[in-house]
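User: I should like to learn how to read a protein model feature by feature. Could you take me through the one shown here?

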Amino acid sequence: MILVALGSNLVSAEFGTSQQLLEAALNSMKKHGITVERRSSWYRSAPVPASDQPWFVNGVAEVSTDLGPADLLQVLHRIEAEYGRIRRRRNESRTLDLDLLAYGDRVVAQPEGLALPHPRLPERAFVLLPLADLAPGWRHPVSGLTAAEMLAALPPGQEVERLA
């Protein structure tokens, strides 16, 4: 199972609200050789770490592709750029954030490069809630925990709510 997290907290004159932008990004993946098999509901979440940024809209998609993990990550970054993402600082506001969460059971740790599963996945309620929604039986390839089990282990304080 290949899992991609999606997030946005900036509106776009061209694409609209964060939720509209995320829908457009999902629809555009096909032209890049990525098929969206299923996706979670959308969630609204406070920025992590806490800041005065606008809240995010987040979700998780299961995708299929013939691209390998490194090439898929490059394509995800290219899609981000198509939707106005400019990478300047970590944790800044963004029009689009696409994170490769998992690529099957692969475990990869390249310095300043590809890391699978995503190293901060177990710490983020805004990823774990939609992941539990989409794939309740999925298990982290290193810890063996489900998204719900990782979510239960988080300290309180991350504000996330499901959108209608």
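User: How many helices and strands does the chain have, and in what order do they run?

Analyst: This is a predicted model, and its chain has four helices and eight strands. Starting at the N terminus, the order of elements is β-α-β-β-β-α-β-β-β-α-α-β.

User: Since the model is predicted, where is confidence lowest and where is it highest?

Analyst: As a general rule, predicted coordinates should not be read in detail where pLDDT is low. Here the average pLDDT of the chain is 92, and 96% of the residues score at least 70. Confidence is lowest in strand S6, residues 108-109, with a mean of 91. Strand S2, residues 34-39, has the highest value, at 98.

User: How should the overall dimensions be read, and what does the radius of gyration agree with?

Analyst: The radius of gyration is compared with the value for a compact globule of 164 residues, which would be near 15 Å; the chain has 15 Å, so the two agree. Along the principal axes, the C-alpha trace spans about 40 × 40 × 30 Å.

User: What share of the residues is buried, and what does the chain expose?

Analyst: A residue is called buried when its relative accessible area is under 20%. By that criterion, buried residues account for 46% of the 164 residues. The exposed area of the chain is about 8300 Å², of which carbon and sulfur atoms supply 51%. As for charge, there are 17 positive and 19 negative side chains, and the centres of these two sets lie 2 Å apart.

User: What share of the contacts joins residues at least 24 apart in sequence?

Analyst: Taking contacts between residues at least 6 apart in sequence, 66% join residues at least 24 apart. Individual residues illustrate such pairings. Trp42, for instance, lies in the loop between S2 and strand S3, and its contacts include Arg162 and Leu163.

User: Is Trp42 buried or exposed, and what else does Trp42 touch?

Analyst: Trp42 counts as buried because its relative accessibility is 5%. Beyond its sequence neighbours up to four places away, Trp42 also touches Leu6, Gln19, Leu22, Glu23, Leu26, Val57, Asn58 and Gly59, among others. By contrast, a separation can be considered as well: the C-alpha atoms of Trp42 and Ser143 are 26 Å apart in space, with their positions 101 residues apart in sequence.

User: How does one judge whether a whole helix, such as H3, is enclosed?

Analyst: The general idea is to count its buried residues. In helix H3, residues 125-134, seven of the ten residues are buried, so the helix is largely enclosed by the rest of the structure. These seven are Ala125, Phe126, Val127, Leu128, Pro130, Leu131 and Leu134. Ala125 has a relative accessibility of 5% and therefore counts as buried. Its contacts, sequence neighbours up to four places away excluded, are Pro130, Leu151, Leu154, Gln158 and Val160.

User: Which helix holds Met150, and what are its contacts?

Analyst: Met150 belongs to helix H4, residues 147-152, and is buried at a relative accessible area of 4%. Setting aside neighbours within four places in sequence, Met150 contacts Leu121, Pro122, Leu128, Trp138, His140 and Leu145. Leu128 is among the buried residues of H3, and thus a residue of H4 is in contact with a residue of H3. Met150 and His32, on the other hand, are 32 Å apart from C-alpha to C-alpha.

User: What are the cases in the other two helices, at Glu80 and Ser28?

Analyst: Glu80 is in helix H2, residues 69-82. At 1% relative accessibility, Glu80 counts as buried, and its contacts outside the sequence neighbourhood are Arg85, Arg87, Leu96, Asp97 and Leu98. Ser28 is in helix H1, residues 18-28, and is buried with a relative accessible area of 10%. Ser28 contacts Ile79 and Tyr83, leaving aside neighbours within four places in sequence.

User: Finally, where does a cis peptide bond occur, and what is its omega?

Analyst: The peptide bond to inspect is the one joining Leu116 and Pro117, which is cis, with omega about -10 degrees. Pro117 is placed in the loop between strand S7 and H3.

Note on methods:
Residues numbered from 1 in each chain as written. Predicted model: local features only at pLDDT ≥ 70, side-chain atom pairs only at ≥ 80, totals over all residues. Heavy atoms only, no water. Rg over C-alpha atoms; globule rule 2.2 N^0.38 Å. Buried < 20%, exposed > 50% of the residue type's maximum accessible area, 1.4 Å probe, protein only. Contact = heavy atoms within 4.5 Å. Areas by Shrake-Rupley, 256 points an atom, 1.4 Å probe, with all protein chains shown as cover. Lys, Arg positive; Asp, Glu negative; His and termini not counted. Charge placed at Lys NZ, Arg CZ, Asp CG, Glu CD. pLDDT = per-residue confidence, 0-100.
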